[in-house]
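Thanks for coming, everyone. I have one structure to walk through today, so please get it up on your screens.

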Amino acid sequence: MTVIYPGSFDPVTYGHLDIIKRASKKFDKIIVTVLNNPSKKSMFDVKERVELLKKTTEDINNVMIDSFTGLLIDYAEEKDVSIIIKGLRAISDFEYEFQMAHTNSMLDKNIETIFLMTSNKYSFVSSSVVKEVARFNGDIKQLVPNIVEKAINEKIKEE
Ligand code: PNS
């Protein structure tokens, strides 16, 4: 069975990688797809986010990295996939995820969203927190792979 793991991934963190690795052991194929949303301010453009995801998942052979624009259900239909995977870190994620899962299933009755609990170790990690810590010269080594840390620091230098 193939599943889609969608997100902003601006940039990928150990929290995302935890979900990708665990999902890759339970499903045949994981399509990790980056939302291309030009109206949202991001640190990395979609191409850069895709590149970082490709590099940080290159050791997992059933993962494919892609990007999409528009509605997720349309992308899922195009790929002929009916299962969406999302990570849940804490209760604070629940409301937003609940809204998205119900909206998606209202738009397409065939779509199911499966939630994986983010491992305890990464339950507080978000791309926003990582970027904020890095901007104030904090150590983000425990939150993102080396290559992502370098990419963030390069971006901060340019800001
Ligand atoms: O990493 P994020 O920001 O939680 O990911 C959110 C994402 C990309 C999964 C969500 O915003 C999305 O699917 N956007 C595409 C537009 C869409 O389908 N909206 C309807 C569902 S609310």
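Start with the nonpolar core. This is a predicted model, and its largest nonpolar core has 35 residues. Which residues have the most contacts inside this core? They are Tyr-5, Ile-20, Ile-30, Val-32, Leu-53 and Ile-152. In soluble globular proteins, nonpolar side chains tend to be buried together.

Now the elements behind that core. Those giving two or more residues include the strands β1 (2–7), β2 (29–35), β3 (63–68) and β4 (83–88). The helices α1 (14–26), α2 (46–56), α5 (127–135) and α6 (146–158) do so as well.

Zoom in on Ile-20. Leave out neighbours within four places in sequence, and Ile-20 is in contact with Tyr-5, Val-32, Leu-53, Thr-57, Ile-60 and Val-63. Tyr-5, Val-32 and Leu-53 are also among the residues with the most contacts inside the core.

There is a second core, separate from that one, with ten residues. Ile-4, Ile-31, Leu-72 and Ile-73 are among them. Keep Leu-72 in mind for the ligand.

Stay with helix α1 for a moment. Ser-24 is in this helix. Is Ser-24 buried or exposed? Its relative accessibility is 12%, so Ser-24 counts as buried. Beyond four places in sequence, Ser-24 is in contact with Ile-30, Ile-60, Asn-62 and Val-63. Ile-60 and Val-63 were on the contact list of Ile-20 too.

Asp-59 sits in the loop between α2 and β3. With a relative accessibility of 63%, Asp-59 counts as exposed. Its C-alpha atom is 9.9 Å from that of Lys-21, and the two are 38 residues apart along the chain.

On to charges. How many salt bridges does a search of the whole structure find? Ten.

Take Asp-10 and Arg-49. Their closest N and O atoms are 3.8 Å apart. Asp-10 lies in the loop between β1 and α1, and Arg-49 in helix α2, so this pair ties together parts 39 residues apart in sequence. Both residues are buried.

Next, Glu-48 and Lys-155. Here the closest N and O atoms are 2.9 Å apart. What does this pair tie together? Glu-48 is in helix α2 and Lys-155 in helix α6, so the bridge joins parts 107 residues apart in sequence. Glu-48 is partly exposed, at 28% relative accessibility. Lys-155 is buried, at 17%.

A third pair is Arg-89 with Asp-93, at 3.0 Å from N to O. Arg-89 is partly exposed, with a relative accessible area of 33%. Asp-93 has 12% and counts as buried. There is also a network: salt bridges with shared partners join Asp-10, Arg-49 and Lys-131.

Last, the ligand. Which residues surround the ligand? From the early part of the chain, the list includes Pro-6, Gly-7, Ser-8 and Leu-35. Phe-68, Gly-70, Leu-71 and Leu-72 are there as well. Lys-86, Tyr-96, Met-100 and Asn-104 are also part of the surround.

Two polar contacts to note. Ser-8 has a polar side-chain atom 2.6 Å from an oxygen atom of the ligand. Leu-72, from the second core, places a backbone N or O atom 2.8 Å from a ligand oxygen.

And the area figures. Taken alone, the ligand exposes 550 Å². The protein buries 76% of that.

That's my tour. Questions, please.

Conventions:
Residues numbered from 1 in each chain as written. Predicted model: local features only at pLDDT ≥ 70, side-chain atom pairs only at ≥ 80, totals over all residues. Heavy atoms only, no water. Core = buried A, V, L, I, M, F, W, Y, C linked by side-chain atoms within 4.5 Å. Buried < 20%, exposed > 50% of the residue type's maximum accessible area, 1.4 Å probe, protein only. Helix = DSSP H or I, 4+ residues; strand = E, 2+ residues; numbered from the N terminus. Contact = heavy atoms within 4.5 Å. Salt bridge = Lys/Arg side-chain N within 4 Å of Asp/Glu carboxyl O. Near = heavy atom within 4 Å. Polar contact = N/O pair within 3.5 Å; in protein donor to acceptor, adjacent residues only side chain to side chain. Areas by Shrake-Rupley, 256 points an atom, 1.4 Å probe, with all protein chains shown as cover.
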